[in-house]
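Thanks for coming, everyone. I would like to use these few minutes to talk about how some of the helices in this model pack against one another.

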Amino acid sequence: MKLPQIGDWRDFAGLARLQQERLPAVLAAAERSPFYRKRGVAPLPEQPLTTKQDLRDAYPFGLLACERADLATYHESSGSSGEPTASYYTESDWTDLAERFARKWTGITAADTMLVRTPYALMITGHLAHAAARSRGATVVPADNRSLATPYSRVVRLLHDLGVTLTWSLPTDTLLWAAAARIAGYTDFPALRALFVGGEPVGPARKARIGRIWGAPVVEEYGATETGSLAGECGHGTMHLWADRAVFEVQDPATGELRPDGRGRLVVTPLYREAMPLLRYAIEDEVEISYRSCPCGWHLPAVRLLGRFNGRLTQLGVEELVFGLPDDFGVWFWRARYDDARVRVEIEVADRWRAAAVGELTASLRAALPDVEPTVVPVPPGGLVPHRLLTATAEVMKPRGLFGPGEDWDSALQYY
Ligand SMILES: [Zn+2]
């Protein structure tokens, strides 16, 4: 199967033609899965949404459209409900997945060493970056996340000693590395040339701050375990949807109407899926899609990720104000709690900047949210991100039976 590459189409009309030519094959593939056979397959504009609940109800293989023997990987994500959502891919699905992730404006080359710091367990994210880097000949350092084997102290040691050039992680993780590196006494990472981040929305102020802390560009990526990479940043700072590999629509939350652009909930129809075709999958993220030309010349729609809303207050909104503080204040970690009329924001800040940081953040919160009374509470470094998280070393991992005299067997990993 030949997959489209950026440059294969000349304008948005060419992109739309490419999608239309591909759609019959997508509908035919969907008809091979029990879920869509039962539901019925109609041309896209008449097709009902496929919801996250549909995917949960189809667990584990209700959406399988190929032989089990042809599967290459099986993944799960679990939302707040705790019910598993399964997704699975064939080898040829993986070619598409890896190519989409590898579309980084910085390039990924054989000379690169890429540290993959997102989870490998069941989710797709770690494997996605791993496969993309391997496909370009780069050296992968599979650091994983939420693993006892790679605490932050070990991550910064790897970043430093191996001359890691590229990283893939949550944006927040890069700040934790910076804090851990400072404690460990590492001061320079000259080989680092880009930080790939995804998995949570990141605003321009935080992104720019992370870039200044590390002295390397921050390249954003957006996707999901059920779909792989859906959008990535171009060299001009625009997030582009991979609309040559999927059809994107937005659903107006008020009317339920679907449109190709505007603001609403993202709906995705992947165009190259063998194992698990999805038609109009409602991904539940708030976005804004626009078709406008970008100096990069990719002719791919731009997308803004808006995150979840809580009335006037958003995570991104507060984050922008916190990271809008001067760099000198060194405020990297915060948390906030709100009710109707008040918001309490805690920030980690060193003594000497405490008064200035509290004053500036209070003023900017008041200006941005005139109806909400802010209280900014400074906590000393280590108050939100404990130092032991940043300095802990790897623990014994394998269950053990035999211990020497004086060895602490109560803190070793037990069989149970
Ligand atoms: Zn662009």
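**Helix packing in a predicted model**

Let me begin with helix α9, residues 315-322, and helix α10, residues 354-368, whose axes come within 9 Å and cross at roughly 140°. Please keep in mind throughout that this is a predicted model. With angles over 145 degrees counted as roughly antiparallel, α9 and α10 are therefore oblique to each other, and α9 passes α10 in a right-handed crossing. On the α9 side the contact involves Gly317, Leu321 and Val322, which meet Leu361, Ser364, Leu365 and Ala368 in α10; these residues divide into 5 nonpolar and 2 polar, with no charged ones.

The next pair is helix α7, residues 171-184, and helix α8, residues 204-214, which pack at an angle of about 35° with their axes 10 Å apart, and here the crossing is left-handed. Pro171, Thr174, Leu175 and Ala178 in α7 meet Arg206, Ile210, Ile213 and Trp214 in α8, a set made up of 6 nonpolar residues, 1 polar and 1 charged.

Finally, which residues of helix α6, residues 152-161, are buried? They are Tyr152, Val155, Val156, Leu159 and His160, and because they cover an arc of only 125° around the axis, they lie on the same side of α6. As general background, an α-helix has 3.6 residues a turn, so residues three or four places apart point the same way. The buried residues of α6 pack against β3 (113-116), α7 and α11 (387-391), and just after α6 we find Gly163 with a positive phi of about 60°.

Terms used. Residues are numbered from 1 along each chain as its sequence is written. This is a predicted model: local features need pLDDT of at least 70, side-chain atom pairs count only at pLDDT 80 or more; totals for chains, interfaces and linings use all residues. Axes are lines fitted to C-alpha atoms, for helices over the stretch in contact, and angles run from 0 to 180 degrees between N-to-C directions. Helices (H or I, at least four residues) and strands (E, at least two) are DSSP runs, numbered from the N terminus. A crossing is left-handed if the near helix is turned anticlockwise from the far one by less than a right angle, and right-handed if clockwise. Two residues are in contact if their C-beta atoms, placed from the backbone, lie within 7 Å. Ala, Val, Leu, Ile, Met, Phe, Trp, Tyr, Cys and Pro count as nonpolar, Asp, Glu, Lys and Arg as charged, and the others, Gly among them, as polar. Angles under 35 degrees count as roughly parallel, over 145 as roughly antiparallel, 65 to 115 as roughly perpendicular and the rest as oblique. A residue is buried if 20 or more other C-beta atoms lie within 10 Å of its own, exposed if 12 or fewer, and partly exposed in between; C-beta atoms are placed from the backbone. The arc is that of the directions from the helix axis to the C-beta atoms.
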